[in-house]
Amino acid sequence: MSEKRLKKQLLKKKLFTKNRLVILNEETFEELFSLKLTLMNVFVVATIGAILIITVTTFIIAFTPLREYIPGYTSSKLKKDATELAIKSDSLEFAIKKNEAYLESIKKVLNGNLEYAKVNKDSILAISVDTLPDLQLTATESELKLRKQVSEEEEKSKDKKKIEKRK
């Protein structure tokens, strides 16, 4: 136990012993700069300096265009261009489907499979447009209860307002 205590005291003594850092002119041995330091001071200053450098570097990379050079990050211009191209390709696909439907109907007319009166580009395109099926939406029991509760609360608030106006 005493050995550990001695080691701790020795380490504490080494960390807090004052040392002098002196910078001398080699030709004249003139003292240019002098500084009293302890090992603990040097350690604390080095740690704070490292933390500051890491923080500044992180902020520079995170909030400047430098982040585009890191693998995994894409540029905002690239994302914008990709979404624009996706929208354009979707609209082009839709236009191609319309034209294919029109050409199919023309082929039917030329082959004699369709009456001439039914060939109208607008009506053919309207048929080929994908539509959502008619959904019959019915309220569930919980929704009906909620609707009833809300309507009752509204009626109560209207009654309170009427009573306040009378006063």
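In this briefing, a residue counts as buried under 20% relative accessible area, as exposed over 50% and as partly exposed in between, using a 1.4 Å probe and protein chains only. By that yardstick F29, at 63% relative accessibility, is exposed. Please keep in mind that this is a predicted model, in which local features need pLDDT of at least 70 and side-chain atom pairs count only at pLDDT 80 or more, while totals for chains, interfaces and linings use all residues. Residues are numbered from 1 along each chain as its sequence is written, and side-chain values use heavy atoms, with hydrogens and water left out.

**The chain as a whole**

- The chain has 5 helices and 2 strands; these are DSSP runs numbered from the N terminus, with helices being H or I of at least four residues and strands being E of at least two.
- Following the sequence, you will meet them in the pattern α-β-β-α-α-α-α.
- Of the 167 residues in the chain, 4% are buried.
- The accessible surface comes to about 16,200 Å², and carbon and sulfur atoms hold 61% of that; such areas come from the Shrake-Rupley method with a 1.4 Å probe, and for residues only the protein chains shown count as cover.
- Taking contacts (heavy atoms within 4.5 Å) between residues at least 6 apart in sequence, 14% join residues at least 24 apart.

**The hairpin and F29**

- Strand 1 (residues 19-24) and strand 2 run antiparallel and are joined by 6 bridges; two strands pair if DSSP finds at least two bridges between them.
- L24 has E31 of strand 2 as its bridge partner.
- The two strands form a hairpin with 6 residues between them, and F29 sits in that loop.
- F29 is not a glycine, yet it has a positive phi of about 55 degrees.

**T38, after strand 2**

- T38 is placed in the loop between strand 2 (31-37) and helix 2 (39-62).
- T38 counts as buried because its relative accessibility is 9%.
- Leaving aside residues up to four places away in sequence, T38 touches L15, F16, T17 and K18.
- A polar atom of the T38 side chain lies 3.2 Å from the backbone nitrogen of N41.

**Helices 1 and 3**

- Helix 1 (residues 2-16) has 15 residues, which should span 21 Å at 1.5 Å a residue, and its end C-alpha atoms are indeed 21 Å apart; the expected span is 1.5 Å times one less than the number of residues.
- The number of buried residues in helix 1 is 0, so this helix lies largely in the open.
- Helix 3 (residues 76-111) has 36 residues and reaches 53 Å from its first C-alpha to its last, close to the expected 52 Å.
- A101, S105 and V109 of helix 3 are buried.
- An α-helix has 3.6 residues a turn, so residues three or four places apart point the same way.
- G112, just after helix 3, takes a positive phi of about 90 degrees.

**The aromatic pair**

- The structure holds 1 aromatic pair.
- F59 and F63 form this pair, which is stacked, with 5.7 Å centre to centre and 15 degrees between the planes.
- Rings of Phe, Tyr and Trp (its six-membered ring) pair if their centres lie within 6.5 Å, and planes under 30 degrees apart count as stacked, over 60 as edge-to-face and the rest as tilted.
- F63 counts as exposed, at 63% relative accessibility.

Conventions: Polar contact = N/O pair within 3.5 Å; in protein donor to acceptor, adjacent residues only side chain to side chain.
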